[in-house]
2 protein chains.
Amino acid sequence: MKISRIGKEIPPFIVMDVLERAQELERQGENIIHLEVGEPDFETPKCIRERATEALRKGITHYTHSLGAYNLRCEIAEYYNEEYELRSKVKPENVIVTSGTSPALPLIFGAILDRDDEVILSNPHYPCYPNMIKFVGGKPRFVFVREEEGFQLNPEDVKEAITKKTKAILINSPANPTGNLLSPEWMEEIASFGIPVISDEIYHGLVYKGEAKSILEFAEKDRELIALNGFSKFFAMTGWRLGYIIAPQDLIRPIQKMIQNLFISPNAFVQEAAISALSECEEETEKMRRIYDERRRFMIKRLREIGFGITVEPTGAFYVFANAKRFANDSYKFAFDILEKAKVGVAPGIDFGSGGEGYIRFSYANSLDNITEGLARIERFLAN
Amino acid sequence: MKISRIGKEIPPFIVMDVLERAQELERQGENIIHLEVGEPDFETPKCIRERATEALRKGITHYTHSLGAYNLRCEIAEYYNEEYELRSKVKPENVIVTSGTSPALPLIFGAILDRDDEVILSNPHYPCYPNMIKFVGGKPRFVFVREEEGFQLNPEDVKEAITKKTKAILINSPANPTGNLLSPEWMEEIASFGIPVISDEIYHGLVYKGEAKSILEFAEKDRELIALNGFSKFFAMTGWRLGYIIAPQDLIRPIQKMIQNLFISPNAFVQEAAISALSECEEETEKMRRIYDERRRFMIKRLREIGFGITVEPTGAFYVFANAKRFANDSYKFAFDILEKAKVGVAPGIDFGSGGEGYIRFSYANSLDNITEGLARIERFLAN
């Protein structure tokens, strides 16, 4: 079959290759510790699952409005207004519910990018970002970030990267793969450049020190700010596939038309369950957050003992992005060595862009016991 | 906000405009009969809902494999092999599970179309098809179809439309909006042109006379055939958002990479429930099919009595595409007249392409009582 250029060139997730090789080893009887995955190890809180069950019983199994069920859009608006200092600025009419947070980004890019238009983003970055931009014909423009600045987008560097073709700046705080936060001051400065800012806030709530601001808190006249969020990470709902966009009014209709054509609507009873997530499970999410934090502190301490470099302690998401240059410069080879010889899955820094080379991403979305054992294995492997 | 060309130009579903106006009238206290919607009025069969509930209880709430859960892919392969004369040719490795049937098509187009590559399809057609093609940079190339041939793609016309840029022929049988089947002979001929054929089989199962062949039944060496299907229509699962692709092996990896980047995976417990749909609810689907058929026969008879033209009786899906040229040439205006004055929602033919002008699509995904009342209202309206 003749495959398109994009079909040939779009890269896979390397971390998926690690995971698949790990599963192959497991089928051969090996015991593998998984520190490569970007997915909560917790089950979805019970009240959310029960709400979905109730919705199924009631027969909420039909298409919803293409922008999402109105009661959920109201709930999301209220959640954002309460969670951040937004003084009721978010209206249900600004909210678009999507079938996962991932497909929301290509929708936004599709609505604002013409061919060869540029989006500024950090390097390293979540691996899919540039591929989403290219999928709709746009071009990623990378800004290298510095380990000593916690890998976060420096507004000075962003400013220099702006061209006539720049249609948006993409930020992500807490960030994947680094687990770091963007300071409110830098966020504000980035919001002031007169370029639309798209803020991927999927790791919000998973913050252990400091505060993750929503980009919407920096709203001012003429600023075009878009927040992107979802239920996967904070509510442990990865397998449910539900996300949302909060956008200025003039972006709603173009995205709605794309949804009508490409998606129709998100899952009906999952939307119903999401209402419970936002309103009924603070206790469960706080419990998960405390457990993540305990693992985070342990992992940082142990990785440093083993000899990995962590300049700025990550305080968000569930990742530690550790400097491994002391051990190896080829992170791809190093990650597979760790898998094959120490039987621990880790994500190679190169998966997140050239700026991630020489680093390894460790996920603490695994139990303290497993993290303890996994890091002990890596320590023994490196000692040999 | 500066909106992209595609964001500005992508058309909405006109039938959605009809539906939204209808809902506005309902809020004003009017009683509206809905014959415009393309969605089963039935609830999802109980055994499917129970399987989802069970999966939620078990905690099947995490990401699955990007191609879909392997047990579901096995079940889909088996279902196709049994449902059609495929002699076990479909392997689980040929199956890709997607978050609805709608997003599956842009994935296929993305994997095979470079800029300005063409896809041949009928006019009239499902309104979203050309927009999906354009979304990934391709060009739809329309072949007009004839009322007296049941609006189906004539292979002679398809042959003439083939250019050096043609990368695929898109067929849809039973078809939306016409409810007609493509004859096995014409299907076979279209499959023999040496051009990949994408067959949207979403209305399979909803067939009341004759037989809907899968394109995969015409497989031969060097033929590149792709089937597209899902759970929405036949199993009354529109709100669940689950579909699938059955494709040649060399198309799987390019689409998988796109899914990893743009979707990650489909909903985990919905996939579990889909196994029940394929294996446990034949009785329920057969009951729905019989009810649709009764409505179909009634609707055809009544529409003819009222004066609409139906040359070839539709025998699939849940639509009657009726010639309304005796009453009006502007189907958009006519549909809104029927809504405002007769209080019945119908879909204007123009929504399905220029070849649909002068026609009205009536859906029988509504109760016999409502269909009776709706058509009586239209009869009275036209008599005045």
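This is a short talk on how two chains of a predicted model fit together, and on one helix pair in chain A.

First, conventions. Residues are numbered from 1 along each chain as its sequence is written, and chains are lettered from A and ligands numbered from 1 in the order in which they are written. The model is predicted, so local features need pLDDT of at least 70 and side-chain atom pairs count only at pLDDT 80 or more, while totals for chains, interfaces and linings use all residues.

Symmetry. Chain B superposes on chain A by a rotation of 180° with 0.0 Å of shift along the axis, RMSD 0.0 Å (least squares on C-alpha atoms of residues with pLDDT of at least 70 in both). The two copies are therefore related as by a two-fold rotation axis. In chain B, the C-alpha of B:Thr53 is nearest the axis, at 2.7 Å.

The interface. Each of chains A and B puts 65 residues into the contact (C-beta atoms, placed from the backbone, within 7 Å). Among the elements giving two or more residues on the chain B side are α1, α3 and α10 (helices are DSSP runs of H or I, at least four residues, numbered from the N terminus). The most comes from α9(B), with eight residues.

Now the helix pair. In chain A, α3 (46-58) and α10 (268-280) pack at about 145°, axes 8 Å apart (lines fitted to C-alpha atoms over the stretch in contact, angles from 0 to 180 degrees between N-to-C directions). Residues meeting there include A:Arg51 and A:Leu56 from α3(A), and A:Phe269 and A:Glu280 from α10(A).

Key: Two residues are in contact if their C-beta atoms, placed from the backbone, lie within 7 Å.
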